[in-house]
Amino acid sequence: MVLNENFNLSNGKAIPSLAFGTWQISNEDVVDAVKCALKIGYRHIDTAAAYENEKGVGQAIKESGIDRENIFITTKIPAEIKTYEGAKKSIEDSLEYLGVDSIDLMLIHAPRPWDQMFSGTDKTYFEENLEVYKAMEEAYNDGKIRSLGVSNFDERDLKNIFDNCTVKPVVNQIQVHIGFTRFELINYCKENDVLVMAYAPNATGKLPGNSEVGEIAKTYNVSTPQLSIRYDYQLGLLPIPRSTNPDHIKENAMIDFEIKEDDMEKLYKVTI
């Protein structure tokens, strides 16, 4: 069962192969959602300071009755924080809100502030990202963070970190789903021993309306979300499905089937 499987990170640590996402789930609602996911068998919870639900995630983990060491927590420094001091404070805040002594994986949420991510700006924020990463490395060396990574970084942003870091990033969390598969970036990450975590595997709800994807899902007797999550997983990526519906949370983890290669080829060509 995929819920019982791990990927091995390049730093030797294991990371559960499927994560439960908490984006757009309120701090109040996330408690029951995470507790439900943990009861079903998820052991990897993905959150972020920007989601404003780290306290709820921490509460759910505490109330679950599951040993903290058996739960993998990923969180992120906000994209707008681009200073060493700001990053240090963000790390301490996340530790406090989550109620833990250490975070399993800390990411820079994006290489540029969100309002500049898709604005066409020429500003790279290379130096600023190195300042943030320096704070992360110090927290790593102090045992407050167990693994370091990034999110929404492209090749040039990753190379900037590779060329200047002392602790290599082990993860890049990016959007990947049927109809949006950045093969060049995925391959670049793999070539550099960086695991890709795939967020929005269901294309933020757009895929269920695609008839071509729906027909392929029917041949495997699975839902469109299950097919899309399996698609990411079969590419060697770590999917991050999200839901507050207990039935969907359970269904999203039931991806122990294999998509035939000819169907994968069809899915590569889907447009949404």
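Start by selecting D157 in this predicted model: at 1% relative accessibility, it counts as buried. Now add R112, which is buried too, with a relative accessible area of 7%. The two form a salt bridge, and their closest N and O atoms are 3.4 Å apart. Turn on the secondary structure and you'll find D157 in helix α6 (residues 155-164), while R112 sits in the loop between β6 (105-108) and α4 (114-117), so this pair ties together parts that are 45 residues apart in sequence.

Next stop: K144 and E92. Their salt bridge has its closest N and O atoms 2.6 Å apart. This one also links distant parts of the chain, 52 residues apart: K144 is in the loop between α5 (126-141) and β7 (148-151), and E92 is in helix α3 (residues 84-98). Here K144 is partly exposed at 28% relative accessibility, and E92 is partly exposed at 37%.

Hop over to K123 and E128, whose side chains meet in a salt bridge at 3.1 Å, N to O. K123 counts as partly exposed, at 38%, and so does E128, at 22%.

Now pick four residues at once: R68, E69, D104 and R146. A network of salt bridges links them. If you want the full tally, the whole structure has 13 salt bridges.

Last, colour the cysteines. How many disulfides does the structure hold? The count is 0. Select C165 to see an example: the nearest cysteine sulfur belongs to C189 and is 14 Å away. C165 is partly exposed, with a relative accessible area of 21%, whereas C36 counts as buried at 18%.

Note on methods. Residues numbered from 1 in each chain as written. Predicted model: local features only at pLDDT ≥ 70, side-chain atom pairs only at ≥ 80, totals over all residues. Heavy atoms only, no water. Disulfide = S-S within 2.5 Å. Buried < 20%, exposed > 50% of the residue type's maximum accessible area, 1.4 Å probe, protein only. Helix = DSSP H or I, 4+ residues; strand = E, 2+ residues; numbered from the N terminus.
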